[in-house]
Amino acid sequence: MNSRDVDHRVKILVSDEYAVIFDGKDISVSILPLQTYRAFISRDENSVSVAPESSSLFTEKCKNTGVLPIAGTKKDNTQQVRSPALAKLTLNVSNTCNMACRYCYAAEGTYYTTGILMNKDTAINAVTFAYRNFSTIGQVNFFGGEPTLNEQIIELICEYFIYLYKKGVIPMLPRFGLTTNGYAMSKRMFHILRKYNLGICISLDGPREIHNILRPDKKNSKTFDVIVNNIQKIIDMGIVPEFECTYTAEHYRNGIDLLALMDFFYEKFKCS
């Protein structure tokens, strides 16, 4: 891979197929198809733009030019570059959480920040970047932290995709999905699940006695009963949830093996 420094904050590694952009300002990495990366590069070799979710440099360039890179940029006057399809777009809409899981790798969902919720401008810029650089988007997944703490942005993004589809800007409407701890499910969130037909994956670590040890809330309160009650409401809505379970040494010490967990999820929720 070839390497070059744009300034003290950004380092770019370029291979035959991809460009890897490291932004030292916010310690982020973007991996872009080479054709997309080339579309970013200014004719001025001393400047470069990177993805909106990874650097303020990209946003600054967009403000200066008034445009975002558009998919389908021509290599020359005759050949049109086909934009790649994107199977899944994951949007981290919340760098904060309402739980304090014992094994959390993200500092209670903050990812070692002060706890940030995605705002409207970032959401619109991220979606615009995605649809302009990929021919189709198969799925949009809302992630965190705990994404249900930013339900208004989830709704905004779903509505924006529907608007783009109705206007013929995108050829298909992506499926919407949510990865959640299931603890903060407001009436509005249940409405969003139903209205936009969100697929849902819920983090639950098994039976009450093990889940409450591993996944308390910020006040060290037990969360199992609240979550299970919300799961039942989701099932009653006709939505079939998926489950994400983290297996730990605590399970092992309590005599809960993988088969016991599978039995629990099937007997409790008919989850196969």
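## From a buried strand to a surface patch

Ile21 lies in strand β3, which covers residues 18–23. The model in which this strand appears is a predicted one, and the values given below are to be read with that in mind. With a relative accessibility of 2%, Ile21 counts as buried, because the cut-off for that class is a relative accessible area under 20%. Between Ile21 and Leu32 there are 8.1 Å in space, taken from C-alpha to C-alpha, and the two residues are eleven apart in sequence.

A second buried residue is found in the loop between β7 and α4, where Asn150 sits. Asn150 has a relative accessibility of 1% and therefore counts as buried. Its C-alpha is 6.4 Å from the C-alpha of Ser94, although Asn150 and Ser94 are 56 residues apart in sequence.

The loop that holds Asn150 also holds Gly145, since this glycine is likewise placed between β7 and α4 (151–166). The backbone deserves attention here, as the peptide bond that runs from Gly144 to Gly145 is cis, with omega near 25°. Two other loops contain a residue that is not glycine but has a positive phi. In the loop between β5 (86–95) and β6 (116–117), Tyr112 has a phi near 65°. Tyr112 has a relative accessible area of 66% and so is exposed, given that the exposed class begins over 50%. In the loop between α6 (208–214) and α7 (224–236), Asn220 has a phi near 65°, which is again a positive value in a residue other than glycine.

Gly145 leads on to the second largest pocket, which holds about 430 Å³ of space. The lining of this pocket is made up of 23 residues, and those closest to its centre are Tyr105, Gly145, Ser203, Arg215 and Glu244. Two elements, β7 (137–144) and β8 (175–180), each give two or more residues to the lining. What is the chemical character of the residues in this lining, in terms of nonpolar, polar and charged? They divide into ten nonpolar, eight polar and five charged residues.

From the pocket the account turns to charged pairs. Side chains of opposite charge can pair when their charged atoms come close. In this model the count comes to five salt bridges, and among them is the one between Glu155 and Arg188, in which the closest N and O atoms are 2.9 Å apart. Glu155 belongs to helix α4 and Arg188 to helix α5 (residues 187–195), so this pair ties together parts that are 33 residues apart in sequence. The two partners fall into separate classes of accessibility, for Glu155 counts as buried at 16%, whereas Arg188 counts as partly exposed at 37%.

Helices α4 and α5 also contain the partners of another salt bridge, formed where the side chains of Glu159 and Lys195 meet at 3.2 Å, N to O. Here too the pair links distant parts of the chain, with Glu159 in helix α4 and Lys195 in helix α5, 36 residues apart. Glu159 has a relative accessible area of 33% and is partly exposed, and Lys195, at 46% relative accessibility, counts as partly exposed as well.

Where does the salt bridge between Glu250 and Arg253 lie, and how many residues separate its partners? Both residues belong to helix α8, where they are three residues apart, which means that about one helical turn separates them. Their side chains meet at 2.8 Å, N to O. Arg253 is exposed, because its relative accessible area is 59%, over the 50% at which that class starts.

Helix α8 is also one border of the loop in which Tyr247 is placed, the other border being β10, so that the loop runs between residues 242–244 and 249–253 as these elements are numbered. Tyr247 has a relative accessible area of 35% and is therefore partly exposed. Together with Tyr252 and Leu258, Tyr247 forms a nonpolar patch on the surface, and the accessible area of the three residues together is about 370 Å². Tyr247 can belong to such a patch because the rule asks for over 30% relative accessible area, and its own value is 35%.

Key: Residues are numbered from 1 along each chain as its sequence is written. This is a predicted model: local features need pLDDT of at least 70, side-chain atom pairs count only at pLDDT 80 or more; totals for chains, interfaces and linings use all residues. Side-chain values use heavy atoms; hydrogens and water are left out. On a 1 Å grid over the protein atoms alone, a cavity is a set of points where a 1.4 Å probe fits but cannot get out, and a pocket is an open set with protein on both sides within 12 Å along at least five of seven lines; lining residues have an atom within 4 Å of a point. Grid points are joined across faces, edges and corners, and a volume is the space filled by probe spheres set on the points. Helices (H or I, at least four residues) and strands (E, at least two) are DSSP runs, numbered from the N terminus. Ala, Val, Leu, Ile, Met, Phe, Trp, Tyr, Cys and Pro count as nonpolar, Asp, Glu, Lys and Arg as charged, and the others, Gly among them, as polar. Patches are made of residues with over 30% relative accessible area and no salt bridge: like charges are joined within 9 Å, nonpolar side chains (Val, Leu, Ile, Met, Phe, Trp, Tyr) within 5 Å. Accessible areas come from the Shrake-Rupley method with a 1.4 Å probe; for residues, only the protein chains shown count as cover. A salt bridge is a side-chain nitrogen of Lys or Arg within 4 Å of a carboxyl oxygen of Asp or Glu. Buried means under 20% relative accessible area, exposed over 50%, partly exposed in between (1.4 Å probe, protein chains only).
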